[in-house]
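Here is a friendly walk through one protein model, written for someone who likes cut-offs spelled out. Please keep the 3D view open as you read.

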Amino acid sequence: MVICAKPLSGMGPRALCRAFTLALVLTGTGAQAQDAPAPPSETAPLIEPSYATALIRDVLAAVNHGNWTGNYTVLRDHAAPDFAAANDPTRLAGLFTTLRTERLDLLQAMVVDPVILQSDLSETGQELRLTGYVPLQPRHVSFDLIFAREGRRWLLLGISVGAFDPIDPPPEP
C-alpha cells in the first residue's frame, strides 16, 4: 500500500520487497578500498541518523494511533499540505484497513531502532525519502516515507507501511 500526495517513482511494493531482500543478502558488498576514501559528500549522511529515526518513529506513532482508534485525522493534519489535500481521514482509514485488521502494534517501533536501507535527498533538498524496516517480532514493519521540507520541518508527503515475516540471513560459508 502506497499513500502519496504524488506518485513514488520506481519503488512499488514488489520493488520494495526485492530491495529489502537484496539489502539483507548483499550486506557489506560494494565496500571501497581503504586507500581511496570517498569524497565527503558521499560519506556524509543526508540527515543525521538519530533525527531520521525520530522522523520514522513520529510517523509510525501517528499510524499506530490511527490504527487503534480508526481516526487518521492526526496523521493527515500532521503531514504536508499536499498530503492532507489528497488524503482525507476516511480515505486513509480505508487504505490502512489491512494493517489495522492485522492488529499490528507499532508501539514496539518506538524502542527498536529502524534499519534504514535507503535515504535519498532530492536535488533541491526539499524532499527526503527514507526506506527500510523496523525489526520487530513476530513480524518486521517496512516503511517507505517521503517528507517535504516546510521551513525548518520535514512533513510527511508520502507513506507506505506494511508488515512482513523476518528473512533469515544467508548461511555462513
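The report below moves from a helix to the nonpolar cores, then to a strand pair, aromatic rings and salt bridges.

This is a predicted model, so local features need pLDDT of at least 70 and side-chain atom pairs count only at pLDDT 80 or more, while totals for chains, interfaces and linings use all residues. Residues are numbered from 1 along each chain as its sequence is written, and side-chain values use heavy atoms, with hydrogens and water left out.

## Helix H3

Helices (H or I, at least four residues) and strands (E, at least two) are DSSP runs, numbered from the N terminus. Helix H3 covers residues 49–69, which is 21 residues, and spans 30 Å from its first C-alpha to its last. That is close to the 30 Å expected at 1.5 Å a residue, where the expected span is 1.5 Å times one less than the number of residues.

Many of the names to look for along H3 belong to its buried residues, including Leu55, Ile56, Val59, Leu60 and Val63. Here buried means under 20% relative accessible area, exposed means over 50%, and partly exposed lies in between (1.4 Å probe, protein chains only). Asn64, Gly66 and Asn67 are buried in H3 too. The buried residues of this helix pack against helices H4 (73–77) and H7 (97–101), and against strands E2 (115–121), E3 (127–134), E4 (140–150) and E5 (153–164); contact means heavy atoms within 4.5 Å. Just after H3, Gly70 adopts a positive phi of about 80°.

## Nonpolar cores

A nonpolar core is a set of buried Ala, Val, Leu, Ile, Met, Phe, Trp, Tyr and Cys residues joined through side-chain atoms within 4.5 Å. Which residues touch the most other members of the largest core? They are Phe147, Leu156 and Ile159, in a core of 31 residues. Two or more residues come from each of H3, helix H6 (89–95), E3, E4 and E5. H3 gives the most, with seven residues.

Phe147 is a good place to zoom in. Leaving aside residues up to four places away in sequence, Phe147 touches Leu55, Val59, Gln126, Glu127, Leu128, Leu130, Trp154, Leu155, Leu156 and Leu157. Apart from the largest core lies another, of five residues, among them Ala80, Ile146, Ala148 and Leu157.

## Strands E4 and E5

Strands E4 and E5 run antiparallel and are joined by eleven bridges; two strands pair if DSSP finds at least two bridges between them. Leu145 has Ile159 of E5 as its bridge partner. The hairpin of these strands has two residues between them, and Gly151 takes a positive phi near 65° there. E5 is mostly covered, with ten of its twelve residues buried.

## Aromatic pairs

How many aromatic pairs does a search of the whole structure find? The search finds two. Rings of Phe, Tyr and Trp (its six-membered ring) pair if their centres lie within 6.5 Å; planes under 30 degrees apart count as stacked, over 60 as edge-to-face and the rest as tilted.

Tyr72 and Phe96 are stacked, at 5.3 Å centre to centre and 10° between the planes. Tyr72 sits in the loop between H3 and H4 and Phe96 in the loop between H6 and H7, so this pair ties together parts that are 24 residues apart in sequence. Both Tyr72 and Phe96 are buried.

Tyr133 and Phe164 meet edge-to-face, at 5.9 Å centre to centre and 70° between the planes. Because Tyr133 belongs to strand E3 and Phe164 to strand E5, the pair ties together parts that are 31 residues apart in sequence. Tyr133 is buried at 9% relative accessible area, and Phe164 counts as buried at 15%.

## Salt bridges

The structure holds five salt bridges, each a side-chain nitrogen of Lys or Arg within 4 Å of a carboxyl oxygen of Asp or Glu. Three are listed here.

| Acid | Base | N to O distance |
|---|---|---|
| Asp113 | Arg57 | 2.9 Å |
| Asp144 | Arg129 | 2.5 Å |
| Asp165 | Arg139 | 3.2 Å |

Asp113, in the loop between H7 and E2, is 56 residues from Arg57 in helix H3, and Asp113 counts as exposed at 53% relative accessibility. Asp144 in strand E4 and Arg129 in strand E3 are 15 residues apart. Asp144 is buried at 1%, and Arg129 is buried at 13%.

Asp165, in the segment after E5, is 26 residues from Arg139 in the loop between E3 and E4. Asp165 is exposed at 52%, whereas Arg139 is partly exposed at 26%. Salt bridges with shared partners join Glu102, Arg139 and Asp165 into one network.
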